[in-house]
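User: I'd like to go through this model with you and ask, label by label, what each one rests on. Could you take me through the reasoning?

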Amino acid sequence: MKNILDEIKEGFVYFEGGMGTLLQEAGLKPGELPEEWNLSHPEVIQGIHKDYIKAGSRIIKTNTFGANALKYRGMHTGKKEIPGTHSLSEVIKGAFDNAGAAVRAFPEERVYISLDIGPLGHLLKPLGDLSFDEAYELFSEVVSEGVKNGADLILVETMTDIYEAKAAVLAAKESGLPVMLTCAFDESEKLMTGASPLIVTSVAEGLGADAVGVNCSLGPDQMTGIVRSFAEHASCPVVVSPNAGLPRTENGKTVYDVGPDDFAASMLEIAKAGARVLGGCCGTTPAHIKAMKDAIEREGLKPVPLSEKNETVITSFSKAVTFGKRPVLIGERINPTGKKRFKEALRAHDIDHILQVGLDEQDKGAEVLDVNVGLPEIDEPAMMEEAVYELQGVTDLPLQIDTTDREAMERALKIYNGKPMINSVNGKKEVMDMVFPLAKKYGGLIVALTIDEEGIPKTAEGRLEIAKKMYDEAAKYGIKKKDIIIDPLAMSISAEPDSAKVTLEALRLIRDELKGHTSLGVSNISFGLPERDLINSAFFVEAMHNGLSAAIMNPASEEMMKSWRAFNALNLYDENCMDYIEYAGAYKERMAGLLLQLPEWRQSL
Amino acid sequence: MSDTPVYRYSIKPEDLNIDLRTVDHYLGYGGYIPAPEDKQRIEKAVEEVRKIVTPKACYGRYGIEIFEEKIKFPFGTVGSGVLSRHIKGCNEVYIFAATIGTGFDRLLHRTLARSVADTAILQAAGAAAVEAVCDSLNKKLEEDALKEGRFLRMRFSPGYGDLPLDTQKGIFRLLDPAKNAGITLMDTLIMAPEKSVTAIIGIGDTKKTGGYETER
């Protein structure tokens, strides 16, 4: 039998419209819990579903938007005071009974029942009082009730925080059912906590969501920009369910200012912009859905074909970094290797020092922060989880989870707020078997080192072969090539004289022959030599010239930053050289300051 | 009870009128004028806040009944002598929730990792910023009411006087500020984002300019 995803591949699919506003019309009081009506007024809920099916909706949404153990007694309610009189199981079962009865009334139609999941009403820590794990557990409970009652798919909707959305999608994916995520954006085209459609798409696709998009928040006309952005970045189908504009009171009744015909006209444009699953949210009615469906059919509109978007993106909760354009700077300083002070901080559990190092890197121009807190004598998984949690409380830069410890990697990936970089996998079977399943589950851009059981190949071609092997193995897990970034390894020229040449050649081959992205720990090239920055910065320029997409480096190194700024200005990555000019101004000032200190410095010699 | 919608309100950061004197007041300057270098730090904090705020609010208009020291709201009856005297003669209220958004909380965490003094200034700037959101919405509601020939009382928040903090629960059930403005209520009855305000504004037929009792 077909599933909903097949139907969406074939053409437009219509979602149900608003439920809450219709319930208010039927007498739901302000502040009353709508899900209670699943049991107290089943005929009203069934009637609404039936009207929507009649209007052409092929996916109906269970009346479970606010059904969770914070409102209805469930496994995870604990000792909390809750407003619901029925149990969570009861309201969810009631919702499915009503949806099922409505669907059975139309035996000739294939109508899908989506388990509707809305936000929990709490912000996640550190902003609010709910931990990521608690949120995940609360959603898991709803998901398992939905599965038990026969959901065909899961709709996570009206999310205003990508972190909470991640918890919900992660829980929903455990069911094995198709999962859709739609978020509520504001006029600035961002979520409340700052995510853009690109960020929502990257995180959702990383977690394996089957469709992504926007609902609620705005009327259809104000949504077009958001829809375009989703269509530009998403490889999966785009879902759009706007409000019927804004509410107002008319003779003591709430009315919305976009009627069915205007709604249909706007949705036609939204469909042309690339959406293929279409519905409505607050204020929309069966008449809106019918008008929309009729308008699209009258026009004979075909959906914009689905296509794989070949973008390599990582994100924090509010910042996206795209690879393959300007070389990306990954700060390497959150790492104990060779740093006495940092080791002491880890042993003394001095989180502030870690945060300080990260913030300094950000000030100096890092765009991503590598996070490595591995020391033999500490509990690395716990420290990694804490470091990531604390760092994402103070910085909006995306993070690179750098560990060889499976548990540390999983705990960090789980609580990460966005789509991270994962450092690293390599060509060893054992390592691939560990990293790829985690990357598949949580999403992320994986740094893949060209080393395997045989060691590091001496030739560029040998490294290329390992790169191919890793791409192929990742593909078996469904991990796309765009989510792998190859590190062909920089080795010290003092130990291996031709090492720079081999690495540069490997970079070029990966770019030109594999069309892949690359990353390097640049400073390894000068290990054992004096004045390493001189070699590093020259090698950095050559590496960028040969296609390097990202450098793991020390942003405090003036020589490296000079090279990067100049490279960007020379290669059209710096419009009108504005960044360079600003940097040069600050550089001049810094140098003048150093000159003033010169006499003192001489004295001290 | 009539079916009443929750309206959303937002204001652009650049239009937010953050009053420097309010910031000084929150910092405890009283009537004193901050020294030039302090003034500079305060102004810098206000500009930093302005860069990251996403001011939003939601509100509704509801019928109420006042009897003695109690007020009947759509979410239930609340005991508060101070509020019932303050809005005496009103048969309706506006209830709103307003915030400057989560960007401020992040900025605060970031600043706290570096400087405690700057954090204190930032706190004051954030408080003044959310007051500015409330003032802006308050002004709009005042104008709306005036069109009907009605007048607003000074806004009053849960926790003022003897109005119990758990009035927040009712307000949150009524307005769903999580969905409508991105404001959540923690189990402690404190709101997140940190700089958020809920308030009740009496709507009456007569003008009453005074405030409310601050001491019983």
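User: Why does Lys173(A) count as partly exposed?

Analyst: Happy to help, and please keep in mind that this is a predicted model. Lys173(A) has 29% relative accessibility. Buried means under 20% and exposed means over 50%, so Lys173(A) falls in between and is called partly exposed.

User: What makes Lys173(A) and Asp210(A) a salt bridge?

Analyst: Their closest N and O atoms are 3.9 Å apart. The cut-off is within 4 Å, so the pair qualifies. Lys173(A) sits in helix H7 of chain A, while Asp210(A) is in the loop between helix H8 and strand E6 of that chain, so the contact ties together parts that are 37 residues apart in sequence.

User: How do you know that the salt bridge of Arg114(B) and Asp363(A) crosses between chains?

Analyst: The two ends have separate addresses. Arg114(B) lies in the loop between helix H4 and helix H5 of chain B, and Asp363(A) lies in helix H13 of chain A. Their N to O distance is 2.9 Å, which is within the 4 Å limit. As for accessibility, Arg114(B) is at 39% and therefore partly exposed, whereas Asp363(A), with 56%, is exposed, given that exposed begins over 50%.

User: What are the labels for the two partners in the salt bridge of Glu194(B) and Lys195(B), buried or partly exposed?

Analyst: One of each. Glu194(B) has 36% relative accessibility and counts as partly exposed, while Lys195(B) has 11% and counts as buried, because buried means under 20%. These side chains meet at 3.6 Å, N to O. Elsewhere in chain B, Arg61(B), Glu92(B), Glu148(B), Arg150(B) and Asp205(B) belong to one network. What makes it a network is that their salt bridges share partners. Over all chains, the structure holds 52 salt bridges.

User: How many disulfides does the structure hold, and how do you know that Cys58(B) is in none?

Analyst: The structure holds zero disulfides over all chains. For Cys58(B), the nearest cysteine sulfur belongs to Cys134(B) and is 12 Å away. A disulfide needs the sulfur atoms within 2.5 Å, so Cys58(B) does not meet the criterion. Cys58(B) is also buried, at 0% relative accessibility.

User: Why is Cys90(B) not bonded to Cys134(B)?

Analyst: The sulfur of Cys90(B) is 19 Å from that of Cys134(B), the closest cysteine sulfur, and this is too far for a bond. Cys90(B) has a relative accessible area of 6%, so it counts as buried.

User: What makes both faces of strand E15 of chain A covered?

Analyst: Look at the residues on each side. Leu399(A) and Ile401(A) are on one side, Gln400(A) and Asp402(A) are on the other, and all are buried. That fits a general pattern: in a regular strand the side chains alternate between the two faces of the sheet.

User: How do you know that E15(A) pairs with E14(A) and with E16(A)?

Analyst: By counting bridges. E14(A) and E15(A) share three bridges in the parallel sense, and three bridges also join E15(A) to E16(A), again parallel. Pairing asks for at least two bridges, so both pairs meet the requirement. Val371(A) stands opposite Ile401(A) in E15(A). From E14(A) the chain goes through helix H14 to E15(A) in a right-handed β-α-β crossover. In E16(A), Asn423(A) is the bridge partner of Asp402(A). E15(A), helix H15 and E16(A) make a right-handed β-α-β unit.

User: What makes E1 and E7 of chain B the edge strands?

Analyst: Each of them pairs on one side only. They belong to an open sheet of five strands with antiparallel pairing, in the order E1-E2-E6-E10-E7. E1(B) is joined to E2(B) by four bridges, and Ser10(B) stands opposite Lys56(B) in E2(B).

User: Finally, why is Leu595(A) called exposed?

Analyst: Leu595(A) has 58% relative accessibility, and exposed means over 50%, so the label applies. Leu595(A) lies in helix H21 of chain A. Together with Leu598(A), Trp601(A) and Leu605(A), it forms a nonpolar surface patch with about 480 Å² of accessible area.

Key:
Residues are numbered from 1 along each chain as its sequence is written. Chains are lettered from A and ligands numbered from 1 in the order in which they are written. This is a predicted model: local features need pLDDT of at least 70, side-chain atom pairs count only at pLDDT 80 or more; totals for chains, interfaces and linings use all residues. Side-chain values use heavy atoms; hydrogens and water are left out. Patches are made of residues with over 30% relative accessible area and no salt bridge: like charges are joined within 9 Å, nonpolar side chains (Val, Leu, Ile, Met, Phe, Trp, Tyr) within 5 Å. Accessible areas come from the Shrake-Rupley method with a 1.4 Å probe; for residues, only the protein chains shown count as cover. Helices (H or I, at least four residues) and strands (E, at least two) are DSSP runs, numbered from the N terminus. Buried means under 20% relative accessible area, exposed over 50%, partly exposed in between (1.4 Å probe, protein chains only). A crossover is right-handed if, with the strands pointing away from the viewer, the path from the first strand over the helix to the second runs clockwise.
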